[in-house]
Amino acid sequence: MTLEARPAKDRIIDAANRLFYAEGIRAVSVDAIATKAGLTKKTLYYHFKSKDDLIEAYLISRDQPNIALYKKWFDEADGELADKVETLFFNLAGSARHPKWKGCGFLRTAAELANMPGHPAMKVGALHKKKFEAWLSETFSKHGMSSSEELARHIVLLMDGAFSTVLVHRDPIYFESAGRAARGMVAAAA
């Protein structure tokens, strides 16, 4: 399907995804997104009444694919539960080695909107993080762990801390270190 044959709304969200992730939400103008989508600004505003609505749609579009990727990595990983959790971090380290990697889009957006806690995108980001945590907790619970919620919270803290540290230092080794720590926590809880 050619660019022009795709629905305008999809083209706008795709353009927003590429530009917001690469440059940040504040650095990217609505004009730039319209141009990248091959549409007019008027057409963009027909589908999204404001840039804030577009930022929200950007994060919504990343939610399910990100969680699906984590689940895929987990399901395809070899070994025991602790090994599978560690694999999530090692796969993130692999992603962080790509030159276009910019970190977690949800965390980066939250940082840019830190003074706007009621922003719709902040709610989407919080929900995404809670969905991931709930999936981990459910996974731990299925493996007979009694403190699954607390363990999931610890793993999320390790992961988000690693995202931030890798972004600051540009060194994926922090994901690997966090993965070993997560592995140890899960193994100890089993």
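This tour moves from the whole chain to a helix pair, then to a pocket and a single residue.

**The whole chain.** The model is predicted. Begin by displaying the protein chain as a cartoon: nine helices and zero strands are present, so that reading along the sequence gives the pattern α-α-α-α-α-α-α-α-α. The C-alpha trace spans about 55 × 40 × 30 Å along its principal axes. Colouring by accessibility will show that 44% of the 190 residues count as buried. A contact map adds a further view: among contacts between residues at least 6 apart in sequence, 65% join residues at least 24 apart.

**Helices α5 and α9.** Next, select residues 81-96, which form α5, together with residues 173-189, which form α9. Two packed helices are described by the angle between their axes and the distance between the axes. Here the axes come within 8 Å and cross at roughly 170°. That angle makes α5 roughly antiparallel to α9. To inspect the contact, show side chains on both helices. On the α5 side, the residues to display include Leu81, Val85, Phe89, Phe90 and Leu92. On the α9 side, they include Phe175, Ala178, Ala182, Arg183 and Val186. By residue class, the contact of α5 with α9 divides into 13 nonpolar, one polar and five charged residues.

**The largest pocket.** Now turn to the largest pocket, whose volume is about 270 Å³. Which residues should be selected to find its centre? Of the 20 lining residues, Asn66, Leu69, Tyr70, Leu92 and Phe163 are the closest to it. Leu92 has already appeared in the tour, as one of the α5 residues that meet α9. For the surrounding wall, select α4 (51-76), α5 (81-96), α6 (105-112), α7 (120-142) and α8 (148-169); each supplies at least two residues of the lining. Which helix gives the most to the lining? That helix is α4, with five residues. Coloured by class, the lining shows 12 nonpolar, five polar and three charged residues.

**Ile67.** Remain on α4 and select Ile67, which has its place in this helix. Is Ile67 buried or exposed? Its relative accessible area is 6%, and Ile67 is therefore buried. Leaving aside neighbours within four places in sequence, display the residues in contact with Ile67: His128, Lys131 and Phe132. As a last step, draw a C-alpha to C-alpha distance from Ile67 to His128; these two residues are 61 apart in sequence and 8.3 Å apart in space.

Terms used
Residues numbered from 1 in each chain as written. Predicted model: local features only at pLDDT ≥ 70, side-chain atom pairs only at ≥ 80, totals over all residues. Heavy atoms only, no water. 1 Å grid on protein atoms, 1.4 Å probe; cavity = no way out; pocket = protein on both sides within 12 Å on 5 of 7 lines; lining within 4 Å. Points joined across faces, edges and corners; volume = space filled by probe spheres on them. Helix = DSSP H or I, 4+ residues; strand = E, 2+ residues; numbered from the N terminus. Nonpolar A, V, L, I, M, F, W, Y, C, P; charged D, E, K, R; others polar. Buried < 20%, exposed > 50% of the residue type's maximum accessible area, 1.4 Å probe, protein only. Contact = heavy atoms within 4.5 Å. Axes fitted to C-alpha atoms, helices over the stretch in contact; angles between N-to-C directions. Parallel < 35°, antiparallel > 145°, perpendicular 65-115°, else oblique.
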